[in-house]
Amino acid sequence: MEFPDETFQEIVEGKTKLLVPKKSITDKVPPKKPAFFNPKAKVNRDFSIIAYAAFLKNFQGPKIFLEGLSGIGARGLRVGKELEVEKIVINDLNPSALKMAEYSANLNNLKNIEFSEKEVCRFLSRYSKKGNRGSIVDIDPFGSPAAFFDCGIRATMHGGILSTAATDLQVLNGLFQSACKRKYGGIPVRTEYGNEIAIRLILGCLRVVAGRLGVEIIPLFVESEMHYYRTYVKVLNRPDQKENLGYILHCKKCGHRKISLDQQKECDLCNQEISIAGPLWIGKIFDREFIQNMVLEVPNLEIDKNCEKTLGKCLGESDMPVTYFTLDEVASKMKSSPPKLENAILNLQKNNFQASSTSFSPTGFRTNASINEIIKIFQSIQ
């Protein structure tokens, strides 16, 4: 197959050879034509490979990977080359992207791969019947994934994984609250832990769609990076009876926050008016056993070294309370500099509180201590 000229370049990501537009490597902002490829999203794809490796190792059903918005097929091609799957189908509306994906498939001698040129939900609807669904369904759009939750869930088999990415960060972080309510069914609050609120809004929307379809979702792993949020959920064909939708109540005056099934007008600590985020997912966002399995897969894969460090933080916070604090947030309340993160966590633990770092922020920590208790402990160790 003749394809490359001076406008294209072959690269290696993980163990996979990829044909990419040269400008996607050289330009500051990767162009959308002839096909979009973001080299900075390598870590995101690395996490996908780790998560899918952990999932496939313990999955007993047919191992079928469906990718709704593949671009040049980087993620799907890596799944085919680096993991053991029976069938891969990658879909995109851009014929140039699919031709590049097909060229890369030949570079990697992949035989178990198919290509589709359809609108995402038309593509996924082909795989929505029992016996035809994917064990892994991946949807990575520009902007919001909410429009694809219905068809994505329908195309995921019982016990399979649905993973979606969101890049509409301004909407999810509270800059456009009305747009967020329209797309995700909940309202964010602009806080230091806004990325966690955003991910919980995404999961909350997924939960509502799944509930309407009589399906349960179980979050396994989530990511928060500068330009995207990504969620990985297990899909089970049974009704979800748990109370896992609610609100995050945040006081901008004193910094107190808590989760609740119901709304509340006043802060428990200072009696000031409280800000309300939600409705959103208030259950766990990390499955401890799944994260442990991801950690075990790291040595077998060629991925960014920082992935293992991040997964260590995810493991530590998997059973911790909802929402996190940041050192800067506490320092502003103290009107003085806070201790180092390691010392902060250690001293909270010494005072019989739960405490851990968080993958959501390099200066963030989770604890069951209130803001007043945190300040008191920090002041005692200065």
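User: Taking contact to mean heavy atoms within 4.5 Å, which residues of helix 10 meet helix 2?

Analyst: A quick orientation: this is a predicted model, in which local features need pLDDT of at least 70 and side-chain atom pairs count only at pLDDT 80 or more, while totals for chains, interfaces and linings use all residues. Residues are numbered from 1 along each chain as its sequence is written, and side-chain values use heavy atoms, with hydrogens and water left out. Helices are DSSP runs (H or I, at least four residues) numbered from the N terminus. On the helix 2 side the contact involves F47, I50, A51, A53, A54, F55 and K57, and their partners in helix 10 are F290, N293, M294 and E297.

User: How many residues of that helix 2 and helix 10 contact are nonpolar?

Analyst: Let's sort them by class: Ala, Val, Leu, Ile, Met, Phe, Trp, Tyr, Cys and Pro count as nonpolar, Asp, Glu, Lys and Arg as charged, and the others, Gly among them, as polar. The contact of helix 2 with helix 10 has one polar and two charged residues, and its nonpolar residues number eight.

User: How are helix 2 and helix 10 oriented to each other?

Analyst: Here the axes (lines fitted to C-alpha atoms over the stretch in contact, with angles from 0 to 180 degrees between N-to-C directions) help. Those of helix 2 and helix 10, residues 288-297, come within 8 Å and cross at roughly 110 degrees. That falls in the 65 to 115 degree class, so helix 2 and helix 10 are roughly perpendicular.

User: At what angle do helix 8 and helix 9 cross?

Analyst: Happily, the partners here can be listed too: C180, K183 and Y184 of helix 8 meet L201, I202 and C205 of helix 9. By class, this contact has five nonpolar, no polar and one charged residues. The axes of helix 8, residues 177-184, and helix 9 come within 9 Å, and they cross at roughly 35 degrees.

User: Which cysteines form a disulfide?

Analyst: With a disulfide taken as a pair of cysteine sulfur atoms within 2.5 Å, a search of the whole structure finds one. Its sulfur atoms are 2.2 Å apart, and the cysteines are C121 and C151.

User: Where in the chain do C121 and C151 sit, and what is the angle about their S-S bond?

Analyst: This pair joins distant parts of the chain, 30 residues apart. C121 belongs to helix 5 (residues 120-125), and C151 to helix 6 (residues 149-154). The link of C121 and C151 is left-handed, its angle about the S-S bond being -55 degrees.

Note on methods
Helix = DSSP H or I, 4+ residues; strand = E, 2+ residues; numbered from the N terminus. Parallel < 35°, antiparallel > 145°, perpendicular 65-115°, else oblique. Contact = heavy atoms within 4.5 Å.
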